[in-house]
Amino acid sequence: MGHSKKSPDRAVPERFEDAMAELEEIVAQLENGQLSLEDAIKAYERGTQLRQHCHAILENARLTVETITAQAAEPDNTTTSTTTTPGA
(Lines give C-alpha, C1' and ligand atoms only; values in the text may rest on other atoms or scores of the structure.)
Protein backbone atom coordinates (compact mmCIF):
# COMPACT_ATOMS: atom_id res chain seq x y z
CA MET A 1 0.00 0.00 0.00
CA GLY A 2 2.65 2.48 -1.00
CA HIS A 3 -0.03 4.69 -2.51
CA SER A 4 -1.27 5.78 0.91
CA LYS A 5 1.91 7.67 1.72
CA LYS A 6 1.37 10.36 -0.94
CA SER A 7 2.31 13.75 0.41
CA PRO A 8 -0.51 16.31 0.45
CA ASP A 9 2.13 18.97 -0.30
CA ARG A 10 3.05 17.72 -3.76
CA ALA A 11 1.70 19.43 -6.84
CA VAL A 12 -1.73 18.51 -8.08
CA PRO A 13 -1.99 17.06 -11.59
CA GLU A 14 -2.55 19.73 -14.20
CA ARG A 15 -5.20 17.79 -16.13
CA PHE A 16 -8.68 17.49 -14.64
CA GLU A 17 -8.88 13.81 -15.58
CA ASP A 18 -5.61 13.00 -13.79
CA ALA A 19 -6.68 14.85 -10.66
CA MET A 20 -10.04 13.07 -10.65
CA ALA A 21 -8.36 9.68 -11.10
CA GLU A 22 -6.13 10.35 -8.09
CA LEU A 23 -9.10 11.59 -6.08
CA GLU A 24 -11.06 8.43 -6.93
CA GLU A 25 -8.08 6.33 -5.82
CA ILE A 26 -8.00 8.18 -2.49
CA VAL A 27 -11.73 7.70 -1.98
CA ALA A 28 -11.34 3.97 -2.63
CA GLN A 29 -8.48 3.76 -0.11
CA LEU A 30 -10.49 5.60 2.52
CA GLU A 31 -13.56 3.45 1.89
CA ASN A 32 -11.42 0.32 2.09
CA GLY A 33 -10.63 1.17 5.70
CA GLN A 34 -7.15 -0.34 5.58
CA LEU A 35 -5.22 2.92 6.08
CA SER A 36 -3.74 3.82 9.43
CA LEU A 37 -5.25 6.89 11.06
CA GLU A 38 -2.22 8.98 10.11
CA ASP A 39 -2.34 7.81 6.48
CA ALA A 40 -6.10 8.33 6.34
CA ILE A 41 -5.70 11.93 7.51
CA LYS A 42 -2.96 12.54 4.91
CA ALA A 43 -5.13 10.96 2.21
CA TYR A 44 -8.12 13.07 3.27
CA GLU A 45 -5.97 16.22 3.17
CA ARG A 46 -4.70 15.33 -0.30
CA GLY A 47 -8.25 14.54 -1.42
CA THR A 48 -9.42 17.93 -0.22
CA GLN A 49 -6.61 19.59 -2.17
CA LEU A 50 -7.56 17.64 -5.31
CA ARG A 51 -11.26 18.42 -4.86
CA GLN A 52 -10.54 22.14 -4.64
CA HIS A 53 -8.33 21.94 -7.73
CA CYS A 54 -11.00 20.06 -9.70
CA HIS A 55 -13.66 22.53 -8.56
CA ALA A 56 -11.53 25.44 -9.80
CA ILE A 57 -11.04 23.77 -13.19
CA LEU A 58 -14.78 23.11 -13.51
CA GLU A 59 -15.63 26.68 -12.48
CA ASN A 60 -13.25 28.04 -15.11
CA ALA A 61 -14.83 25.74 -17.72
CA ARG A 62 -18.31 26.92 -16.69
CA LEU A 63 -17.30 30.56 -17.09
CA THR A 64 -15.76 29.83 -20.48
CA VAL A 65 -18.95 28.12 -21.68
CA GLU A 66 -21.05 31.04 -20.39
CA THR A 67 -18.84 33.48 -22.29
CA ILE A 68 -19.09 31.46 -25.49
CA THR A 69 -22.85 31.15 -25.09
CA ALA A 70 -23.26 34.89 -24.45
CA GLN A 71 -21.14 35.74 -27.48
CA ALA A 72 -23.14 33.37 -29.66
CA ALA A 73 -26.41 34.97 -28.49
CA GLU A 74 -25.30 38.51 -29.36
CA PRO A 75 -26.33 40.05 -32.67
CA ASP A 76 -23.69 39.91 -35.36
CA ASN A 77 -21.17 42.54 -34.31
CA THR A 78 -19.09 42.33 -37.46
CA THR A 79 -20.82 45.36 -38.96
CA THR A 80 -20.34 48.73 -37.38
CA SER A 81 -22.89 51.48 -36.94
CA THR A 82 -20.67 53.82 -38.99
CA THR A 83 -21.01 51.94 -42.28
CA THR A 84 -21.12 54.13 -45.33
CA THR A 85 -23.49 53.83 -48.22
CA PRO A 86 -21.77 52.92 -51.49
CA GLY A 87 -21.25 55.95 -53.69
CA ALA A 88 -21.53 58.36 -50.80
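## Two helices, face to face

What covers the buried residues of helix 2 includes helix 1. The cover works in the other direction too: helix 2 is part of what covers the buried residues of helix 1. This is a predicted model. Its secondary structure comes to two helices and zero strands. Of the 88 residues, 18% count as buried. The accessible surface is about 6,800 Å², and carbon and sulfur atoms hold 56% of that. Among contacts with a separation of 6 or more, 73% join residues 24 or more positions apart.

Start with helix 1. This helix has 17 residues. Its first and last C-alpha atoms are 24 Å apart, close to the 24 Å expected at 1.5 Å a residue. Which residues of helix 1 are buried? They are A19, E22, L23, I26 and Q29. These residues cover an arc of only 120 degrees around the axis, so they sit on the same side of helix 1. On the other side, E24 and E31 are exposed. The pattern has a simple geometric background. An α-helix has 3.6 residues a turn, so residues three or four places apart point the same way.

D18 also lies in helix 1. This residue is partly exposed, with a relative accessible area of 36%. Its C-alpha atom is 9.8 Å from that of C54, although 36 residues separate the two along the chain. After helix 1 comes G33, which has a positive phi, near 80 degrees.

Now helix 2. It runs over residues 37–73. Its 37 residues should span 54 Å at 1.5 Å a residue, and the end C-alpha atoms are 53 Å apart, so the span agrees with expectation. The buried residues here are D39, A40, A43, R46, G47, L50 and C54.

What do the buried nonpolar residues build? The largest nonpolar core has eight residues: A19, L23, I26, L35, A40, A43, L50 and C54. Helix 1 and helix 2 are the elements that give two or more residues to this core. Helix 2 gives the most, with four residues. Such grouping follows a broad trend. In soluble globular proteins, nonpolar side chains tend to be buried together. A43 offers a local view of the packing. Leaving aside its neighbours within four places in sequence, A43 is in contact with I26, L30 and L35. Two of these partners, I26 and L35, are listed in the core together with A43.

The charged side chains come next. Side chains of opposite charge can pair when their charged atoms come close. How many salt bridges does the model hold? The count comes to seven. Three of its residues, R10, E22 and R46, are linked in a network of salt bridges.

Take the first arm of that network. E22 and R10 meet through their side chains in a salt bridge, at 2.7 Å from N to O. The pair links distant parts of the chain: E22 is in helix 1 (residues 16–32), while R10 is in the segment before helix 1, twelve residues away. E22 is buried, because its relative accessible area is 8% and the cut-off for buried is under 20%. R10 is partly exposed, at 32% relative accessibility.

The second arm runs from E22 to R46. Their side chains also meet in a salt bridge, again at 2.7 Å from N to O. E22 lies in helix 1 and R46 in helix 2, so this pair ties together parts that are 24 residues apart in sequence. At 1% relative accessibility, R46 counts as buried. Both charged partners of this second bridge are therefore buried, E22 at 8% and R46 at 1%.

E59 and R62 give another case. They form a salt bridge, and the closest N and O atoms are 2.4 Å apart. Both residues lie in helix 2, three residues apart, about one turn of the helix. Is E59 buried or partly exposed? E59 is partly exposed, with a relative accessible area of 29%. R62 is also partly exposed, at 37%.

Put the pieces together. Helix 1 and helix 2 both contribute to the eight-residue core. The E22 and R46 salt bridge joins these two helices. R10, from the segment before helix 1, belongs to the network with E22 and R46.

Notes
Residues numbered from 1 in each chain as written. Predicted model: local features only at pLDDT ≥ 70, side-chain atom pairs only at ≥ 80, totals over all residues. Heavy atoms only, no water. Salt bridge = Lys/Arg side-chain N within 4 Å of Asp/Glu carboxyl O. Buried < 20%, exposed > 50% of the residue type's maximum accessible area, 1.4 Å probe, protein only. Core = buried A, V, L, I, M, F, W, Y, C linked by side-chain atoms within 4.5 Å. Contact = heavy atoms within 4.5 Å. Areas by Shrake-Rupley, 256 points an atom, 1.4 Å probe, with all protein chains shown as cover. Expected span 1.5 Å × (residues − 1). Arc of directions from axis to C-beta.
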